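Student: Hi! I'm new to this one and would like a friendly walk through it. Could you show it to me?

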Amino acid sequence: MNLLITDVTVGDRPGRAVHVVDGRIAWLGDAAEGPSADRTIAGEGALLTPAFVDAHVHATSTGLALTGLDLHSSSSLAETVALVARFAQRSPGPVLGTGWDETAWPERRGLTRADLDAVLGYRPAYLARVDVHSATVSTALLDSIPGVADLAGFSPDGRLRLDAHHAARQAAFGAVSPEQRRAAQQATLDAATALGIGSIHEMAGPEVSSADDLAGLLALAGERPGPLVLGYWGELAERGGLDVVRELGLAGAGGDLFCDGALGSHTAALGSGPYVDRPDTAGTLRFATGQLVHHVRTCTMAGVQAGFHAIGNAAVAQAIYAVEAVAAELGRPAVRACRHRLEHVELIDSVDVDRMRDLGMVASVQPAFDAAWGGTAGMYADRLGVERALAANPFADLADVGVALALGSDAPVTPLDPWGGVHAAVDHRTPGSGLRPFDAFDAATHGGWYAARAEHPEGPLAVGAEAHLALWATDQTLSAVLAGRGRPSCRQLFVHGRPC
């Protein structure tokens, strides 16, 4: 394809044009000097930028929330139960939903299976808490899971964490038909297109989806113009994780490879004392350190990027230690070349920030977490106390020492919202912890490609770079949009130079 996008503002420079040939940027300059092309798109002064990359997504779950029972806006237990009842009346089959968060509810407690059974009767239901690391399930679903009462994290009231939660999630999503799954994935890709997201990093794994789910998503994304899907598989090498990576041609062996859980569910592993509101626990490390070392070693020797879900500072330190141990064995250059990545990194000790930099590791972070739960009176403060809460998500500390950042949403935990993520990274609830506006935008665009080891060395708007671009319905410069916390709508997304 030979395409000229003309009369656009690129960055802070109006009157520019971009020439795309065979999916790559072939020329960038003044619109008056633009070369001829088979097709010309008149920008009419609109802003043209690199397309966003959402570096952490669960496409099927996101699509099910977009098309089904989304409880993110529920403001009370009573409202949540009423929404579940109404949804069940119009939707046959198992009841699947996500997004409830009891921390601000007046009842000050979460859902129980008694709440669900009262409105659903004996009907399978799985309702994930907002962090998707715990859920409440109905009696009918519990009865369908052999041995669930013997698993870690089981509670008779139907509120499940840890292994019991993983078993329940597998049972619930195993009931989703192939047609429902494809429709959900398509809804996610359509939503991403409308938001100017040119690529998503799909964080799959045996505990959150399946290899078939991931393969279906990759196939669907390849059938029509739209966001590129870069797949990650979160399973240890000792359990065959690299076989899936090779078979499906994935970007890495990591993503949601759970070293711990989540702060909201009291399962993130803390190295700084127990939870304030649950002094009986400091969370849980899910793997022995030797297992992580073996995984990183196997990945590094194969030239494959490893990655880990690590939220609490104990889990972060454990994952970094594993990478450091392999660097001592195989050499730092081999480890740095792989750009092993950590997802979330909500709590990290200052010494580990420097260790991440030295090991060439990438931090895949979600600024919307801070916007939703940070500050002196949010969920972080409830769980951790104010001092630890204000130290969470230290984006500036990571960026200032040179740790590469990639921004994502962890949808459906927080919605697909790239401009919102950029602004949340800047307007951090802890003074001094936010990013500079252009650094945040870079982390939401170029940072995603860097995290996947697929960046152009001279940047996303350089000649020779893949033409993954977004044209925005605004005549403002990028500086003005960032300064005004703007959220312009996407007029046109281009992936490999093809309009989507």
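Tutor: Happy to; we'll go through salt bridges, a few buried residues, a helix and some unusual backbone angles.

Student: What kind of model is this, and how are residues numbered?

Tutor: This is a predicted model, where local features need pLDDT of at least 70, side-chain atom pairs count only at pLDDT 80 or more, and totals for chains, interfaces and linings use all residues. Residues are numbered from 1 along each chain as its sequence is written, and side-chain values use heavy atoms, with hydrogens and water left out.

Student: Great. How many salt bridges does the structure hold?

Tutor: There are 27 salt bridges. The term means a side-chain nitrogen of Lys or Arg within 4 Å of a carboxyl oxygen of Asp or Glu.

Student: Where do the partners Asp 277 and Arg 383 sit?

Tutor: Their side chains form a salt bridge at 2.8 Å, N to O. This pair ties together distant parts of the chain, 106 residues apart: Asp 277 is in the loop between strand S14 (252-253) and helix H9 (289-302), and Arg 383 is in helix H14 (residues 379-384). The helices (H or I, at least four residues) and strands (E, at least two) are DSSP runs numbered from the N terminus.

Student: And is Arg 383 buried or exposed?

Tutor: Arg 383 is buried, because its relative accessible area is 4%. Asp 277 has 33%, so Asp 277 is partly exposed. The cut-offs are under 20% relative accessible area for buried, over 50% for exposed, and partly exposed in between (1.4 Å probe, protein chains only).

Student: Which residues are linked with those two in a network?

Tutor: The salt-bridge network links Asp 101, Glu 102, Arg 129 and Asp 131 with Asp 277 and Arg 383.

Student: What about Arg 278, which salt bridge is that in?

Tutor: Arg 278 pairs with Asp 280, again at 2.8 Å from N to O. Arg 278 is partly exposed at 25% relative accessibility, while Asp 280 is exposed at 59%.

Student: OK, new topic. What does the side chain of Glu 343 meet?

Tutor: Glu 343, found in strand S16 (residues 341-344), makes a salt bridge with Arg 341 at 2.6 Å, N to O. Arg 341 counts as buried because its relative accessibility is 1%, and Glu 343 is buried too, at 0%.

Student: Which residue shares a polar contact with Glu 343?

Tutor: That would be Ser 364, with the two side chains joined at 2.6 Å. A polar contact is a pair of N or O atoms within 3.5 Å; within protein, one must be able to donate a hydrogen and the other to accept it, and residues adjacent in sequence count only if both atoms are side-chain atoms. Beyond its neighbours within four places in sequence, Glu 343 is in contact (heavy atoms within 4.5 Å) with several residues, including Ala 55, His 56, Met 203 and Phe 308.

Student: Let's look at a helix. How many residues has H6?

Tutor: Helix H6 (residues 178-194) has 17 residues and reaches 24 Å from its first C-alpha to its last, close to the 24 Å expected at 1.5 Å a residue. That expected span is 1.5 Å times one less than the number of residues. Among the buried residues in H6 are Arg 181, Gln 185, Leu 189 and Thr 193. After H6 comes Gly 196, with a positive phi near 75 degrees.

Student: Why would a positive phi be worth a look?

Tutor: Most residues other than glycine have a negative phi, and most peptide bonds are trans.

Student: So which residues have a positive phi without being a glycine?

Tutor: One is Asp 7, with a phi of about 55 degrees. Asp 7 belongs to strand S1 (residues 2-10) and is partly exposed, with a relative accessible area of 35%. Another is Leu 162, with a phi of about 50 degrees. Leu 162 is in helix H5 (residues 162-174) and is buried at 16%. Its contacts, leaving aside neighbours within four places in sequence, are His 133, Ala 152, Gly 153, Thr 267 and Thr 284.

Student: Last one: where is the cis peptide bond?

Tutor: It joins Ala 411 and Pro 412, with omega about 15 degrees. Pro 412 is in the loop between strand S18 (404-407) and helix H17 (418-426).
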